[in-house]
Amino acid sequence: GGNDEREQTLNQLLVEMDGFEANEGIILIAATNRPDVLDPALMRPGRFDRQINVPNPDFIGREKILKVHARKVPLAPDVDLKVVARGTPGFSGADLMNLVNEAALLAARRSKRIVTKQEFEDSRDKIMMGAERRTLVMTEEEKRLTAFHEGGHALVQLNMPGSIPIHKATIIPRGRALGMVQGLPERDQISQSFEQLKAMLALAMGGRVAEELVFGRDKVTSGAASDIQQCTRIARAMVTQLGFSDKLGTVAYADPQQEQFLGYSIGRTQTLSEATQQTIDAEVRRLVQEGYEDARRILTEKRGDLDVLANGLLEFETLTGDEMIGLLQGKRPVR
């Protein structure tokens, strides 16, 4: 498919930029979301000289963006935009604008004159995890199972060194999940340590292990499907890209399942030998199994705490991280 319109347009653009025409005093600015598919000819000095990368805003940037969008919105004294910014890692400017608008809409729907902390919480949860599905009818047994599943995640997160502090746990169905435990990072994380990755593996397995311990192997549900996917993905990245496996060493093995962007996957060759692929699979399995054992150890030791958390979730449906720590110390949440 050589010599199509795109190429002719590109050639013409390069000719114009190269200076065959009298174009002093002209500045050309362009923007793209896909720098990986640009022709190298465009990126040479003399064409587009400067390249400015615009990543998603960091913690300080998010706070400033929130201040801009919250100018038009009457805020309650309990709204701290610093806390909102901390709880929205990875949000773009448009996401934050959406967050403020959603919070204002919720306040209007609840007939409030000002937007309170609660609206920001609810709108953030809606954007990050999907809308609440209050109408979904769950039997008492399913509710109990979900409570122990989420309680397992939460207990592992509270006891595993290197894990993120808990923000909240809920057994109200949201999006496609029946319940969830959400972390609140102290700051934007740029890289992760081996300890943090191990904690993520154990955390993902916490729900499944709790179901097994409480209800027995025969009653375990398919609710851990996304947890297992996430756990496997982290373990595979640790082995193939991050060099956290002694058997495979610090070598990057391209993951054969990774599809590159459209159209570029046709001519790719497989560079892994069969033996290496088997070793990778074995190492991924070992890491996942270690995560499973860590979760099992914690939940077996703290079996009483698991009951406390699960019963708390059954009673209150949503608990914050502080309320969970309070529950384990014998303090009931005040509602």
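Buried here means under 20% relative accessible area, and that cut-off runs through the views below, each taken from a predicted model.

**View 1. Strand β1 and how enclosed it is.** This close-up takes in residues 166-170, which make up strand β1. Five of the five residues are buried, so the rest of the structure largely encloses this strand.

**View 2. Strand β1 with its partner β2.** Here we look at β1 alongside β2, which covers residues 180-183. The two run antiparallel, and four bridges join them. For one pair to look for, take Lys168: its bridge partner in β2 is Gln182.

**View 3. Strand β1 with its partner β3.** Strand β3 spans residues 318-320 and runs antiparallel to β1, with three bridges between them. Pick out Ala169 and you'll find Leu319 of β3 standing opposite. As a general point, side chains in a regular strand alternate between the two faces of the sheet.

**View 4. Gln196 in helix α7.** Helix α7 covers residues 194-215, and Gln196 is part of it. Gln196 has 19% relative accessibility, so it counts as buried. Leaving aside residues up to four places away in sequence, Gln196 touches Gly162, Gln189 and Ser191.

**View 5. Glu195, also in helix α7.** Glu195 sits in helix α7. Its relative accessibility is 44%, so Glu195 counts as partly exposed. With residues up to four places away in sequence set aside, Glu195 touches Pro161 and Gly162. If you want a landmark farther along the chain, try Gln229: Glu195 and Gln229 are 34 residues apart in sequence, and 20 Å separates them C-alpha to C-alpha.

Terms used. Residues numbered from 1 in each chain as written. Predicted model: local features only at pLDDT ≥ 70, side-chain atom pairs only at ≥ 80, totals over all residues. Heavy atoms only, no water. Buried < 20%, exposed > 50% of the residue type's maximum accessible area, 1.4 Å probe, protein only. Contact = heavy atoms within 4.5 Å. Pairing = 2+ DSSP bridges.
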